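Student: I would like a close look at a single part of this protein, with its neighbours described well enough that I can follow along in the viewer. Could you take me through it in one connected account?

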Amino acid sequence: MTSLTAKHEPPDRKSRTVLLAVGAAVVVAVIVVVVAASGGSTGADGTPVAEPPEAAASGPPAPTTEFAFFDGSSGSLASYAGRPLVVNFWASWCPSCVAELTAAFVPVQERFGDDVAFLGLNIQDERSKALALVEETGALFDLAEDPQGILYTELGGLGMPFTVLVSADGEILEQHNGPLTEGQLTDLLTENFGV
């Protein structure tokens, strides 16, 4: 009678060497795939190689529209070239703007004003009421007017208050519609300007 079970012969030395080589190749291929999927690259020996840091993201250029400071002089966002800039649109008729100005912008400007320029642009407001609010809050940063909301519209404002961060190179980095807390504003400065 013939046995139905096949006899299993152990592989010879040559076959074992081929199997080991194929296994090693599979392991190296898996490592390369895992490293590539994680965004890294490998050297000739299969070890991970550090990638150079990515360049900082840049945004569209800030508009060059001129505005009038409360002292009567004129300027534009380009006047701040070479220094990071925070632009905040506010009005005395906007309760959120008043709260944000007092609770966030005044203390953050006091803390970071040596490294970052701050510009408050009053929009569609009565000048006397705007000046009274400035006096009340003690805001010491640059204050100007955008009476018809031209610059506000050019920068993409959709609500009030509206804040825009501009790089030292004059590029728009961040736009925020709505009120910010002191912590949120601080985080934005840290993320965008590294202060």
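**Helix α2 and the strands beside it**

Tutor: In this protein, 65% of the contacts with a separation of 6 or more are between residues 24 or more positions apart. The model is a predicted one, and the description that follows should be read with that in mind. Of the 195 residues in the protein, 36% are buried. There are five helices and nine strands, and from the N terminus on the elements run α-β-β-β-β-β-α-β-α-β-α-β-β-α.

The part to look at is helix α2, which covers residues 95-112. Its 18 residues reach 25 Å from the first C-alpha to the last, close to the 26 Å expected at 1.5 Å a residue. The helix nevertheless has a kink of about 40 degrees, and that kink is centred on Leu-101. Leu-101 is also one of the buried residues of α2, a list that further includes Cys-97, Glu-100, Ala-104, Phe-105, Val-106, Val-108, Gln-109 and Phe-112. When reading such a list, it helps to recall that an α-helix has 3.6 residues a turn, so residues three or four places apart point the same way. The partners of the buried residues of α2 are strand β5 (85-90), strand β6, helix α3, strand β8 (162-166) and helix α5 (182-193), against which they pack.

Within this list, Gln-109 deserves a separate look, as a polar side chain placed in helix α2. Gln-109 counts as buried because its relative accessibility is 17%, and the cut-off for buried is under 20%. Leaving aside residues up to four places away in sequence, Gln-109 touches Phe-118, Leu-140 and Phe-141.

Arg-111, also in helix α2, leads outward to helix α5. Arg-111 forms a salt bridge with Glu-182, and the closest N and O atoms of the two are 2.6 Å apart. Because Glu-182 lies in helix α5 and Arg-111 in helix α2, this pair ties together parts that are 71 residues apart in sequence. Both partners are partly exposed, since Arg-111 has 45% relative accessibility and Glu-182 has a relative accessible area of 33%.

From α2 one can move on to two of its packing partners, β6 and α3. Strand β6 (residues 117-123), helix α3 (residues 127-137) and strand β7 together make a right-handed β-α-β unit. The two strands of that unit, β6 and β7, run parallel and are joined by five bridges, and in this pairing Leu-121 of β6 stands opposite Ala-144 in β7. Strand β7 (residues 142-146) is mostly covered, with four of its five residues buried. Strand β7 also pairs with strand β3 (residues 67-69), this time antiparallel and through two bridges, and there Ala-68 stands opposite Glu-145.

Glu-145 appears again in the side-chain contacts of the unit, where Arg-127 forms a salt bridge with it at 3.2 Å between the closest N and O atoms. As Arg-127 lies in helix α3 and Glu-145 in strand β7, the pair ties together parts that are 18 residues apart in sequence. The two ends of this salt bridge are not covered alike: Arg-127 counts as partly exposed at 36% relative accessibility, whereas Glu-145 counts as buried at 18%.

The connection from β6 to α3 holds two further details. Gln-124 lies in the loop between these two elements, and its phi is near 45 degrees, a positive value in a residue other than glycine. With 46% relative accessibility, Gln-124 counts as partly exposed. A little further along the chain, Glu-126 forms a salt bridge with Lys-129, the closest N and O atoms being 3.6 Å apart. Glu-126 is partly exposed with a relative accessible area of 46%, and Lys-129 counts as partly exposed at 46% relative accessibility. The count of salt bridges comes to three.

One last backbone feature lies beside strand β8, another of the packing partners of α2. Pro-161 is found in the loop between α4 (150-154) and β8, and the peptide bond that leads from Met-160 to Pro-161 is cis, with omega near -10 degrees.

Key:
Residues are numbered from 1 along each chain as its sequence is written. This is a predicted model: local features need pLDDT of at least 70, side-chain atom pairs count only at pLDDT 80 or more; totals for chains, interfaces and linings use all residues. Side-chain values use heavy atoms; hydrogens and water are left out. Buried means under 20% relative accessible area, exposed over 50%, partly exposed in between (1.4 Å probe, protein chains only). Two strands pair if DSSP finds at least two bridges between them. A crossover is right-handed if, with the strands pointing away from the viewer, the path from the first strand over the helix to the second runs clockwise. The expected span of a helix is 1.5 Å times one less than its number of residues. The bend at a residue is the angle between axes fitted to the seven residues ending there and the seven starting there. Contact means heavy atoms within 4.5 Å. A salt bridge is a side-chain nitrogen of Lys or Arg within 4 Å of a carboxyl oxygen of Asp or Glu.
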